[in-house]
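Reader: Could you take me through one part of this model up close? I'd like the residue-level picture, with whatever surrounds it.

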Amino acid sequence: MCNLYALTKGQQALRELARALELGPVHDDLGNLPSLPALYPDSEAPIIGIGRQAGDGQVSGPILKRARWGMPSPAFALEGKSVDRGITNIRNTASAHWRRWLGPPHRCLVPFTSFAETVKTPQGFQPLWFAPRDESETPPCFAGLATRWTGVRKKADGEVTLTLFGFLTCEPNADVAPHHPKAMPVILTTPDEQRRWLTADWAEAKALQRPLADGALNVLGFEGQR
């Protein structure tokens, strides 16, 4: 399970990423975005979704906005609890809980520059950092889902209404598996993949839930290179 990632590319790089989708004019609702070298669950982070015109559902262009990391939890996970801390990683897309959010209106891209998987070491559990081997001016993205939600995230805050996101995971590739054999995030590196994730029918988009090619990631180590 990936519960830590970084985004250290500047805001202009995110705008260029959105423009490369060729889905219409880019709307930037991020405000002044700082470098984000350590994003943990429930952090606020940038996502890219697609705006749709009211009434006709037509695409009106990519929207850069902030959301909180952690999708709504299934009902069984909330039994006896008054707080929903959210689900960061999504694997079983056949689940009825996730099916409601698999259509294009709920899909998003989650830009990142590196991510960490927790591994056991002689010193205890530590985050091991990975990053795409091929660097470019625009960052790669996780394949994400997002929704508006009203509920209690923290007792001290009471009921809130938020935009939440999480991202899909899959079998690990040969770069991740020796260190973390359970899963890795679904990573989309090209504008074509990213555009299909945002716009294609689920029958086509679900094929993108697969590992990145073997050899496509660098292992950065425990300190990372965020």
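Author: Sure, let's start at Phe-115, bearing in mind that this is a predicted model. Leaving aside its neighbours within four places in sequence, Phe-115 is in contact with Cys-2, Leu-4 and Tyr-5, with Leu-128, Trp-129 and Phe-130, and also with Phe-142, Val-176, Pro-185, Ile-187 and Leu-217. That list fits its place in the largest nonpolar core, which has 56 residues: Phe-115 is among those touching the most other members, along with Tyr-5, Phe-165 and Trp-197. So Tyr-5 turns up twice, as a contact of Phe-115 and as one of those well-connected core residues.

Now for the largest pocket, which holds about 500 Å³ of space. Its lining is made of 24 residues, with Pro-132, Asp-134, Glu-135, Ser-136 and Pro-140 lying nearest the centre. The elements giving two or more residues to that lining are α1 (11-19), β9 (124-132), α3 (191-199) and β14 (217-221). As for chemistry, the lining splits into ten nonpolar, eight polar and six charged residues.

One more spot to look at is Ser-73, in the loop between β5 (59-69) and β6 (89-90). Ser-73 counts as buried because its relative accessibility is 10%, and the cut-off is under 20%. Its side chain makes a polar contact of 2.5 Å with the side chain of Asp-84. Beyond its neighbours within four places in sequence, Ser-73 is in contact with Leu-78, Gly-86, Ile-87 and His-97 as well as Asp-84.

Methods:
Residues are numbered from 1 along each chain as its sequence is written. This is a predicted model: local features need pLDDT of at least 70, side-chain atom pairs count only at pLDDT 80 or more; totals for chains, interfaces and linings use all residues. Side-chain values use heavy atoms; hydrogens and water are left out. On a 1 Å grid over the protein atoms alone, a cavity is a set of points where a 1.4 Å probe fits but cannot get out, and a pocket is an open set with protein on both sides within 12 Å along at least five of seven lines; lining residues have an atom within 4 Å of a point. Grid points are joined across faces, edges and corners, and a volume is the space filled by probe spheres set on the points. Helices (H or I, at least four residues) and strands (E, at least two) are DSSP runs, numbered from the N terminus. Ala, Val, Leu, Ile, Met, Phe, Trp, Tyr, Cys and Pro count as nonpolar, Asp, Glu, Lys and Arg as charged, and the others, Gly among them, as polar. Buried means under 20% relative accessible area, exposed over 50%, partly exposed in between (1.4 Å probe, protein chains only). A polar contact is a pair of N or O atoms within 3.5 Å; within protein, one must be able to donate a hydrogen and the other to accept it, and residues adjacent in sequence count only if both atoms are side-chain atoms. Contact means heavy atoms within 4.5 Å. A nonpolar core is a set of buried Ala, Val, Leu, Ile, Met, Phe, Trp, Tyr and Cys residues joined through side-chain atoms within 4.5 Å.
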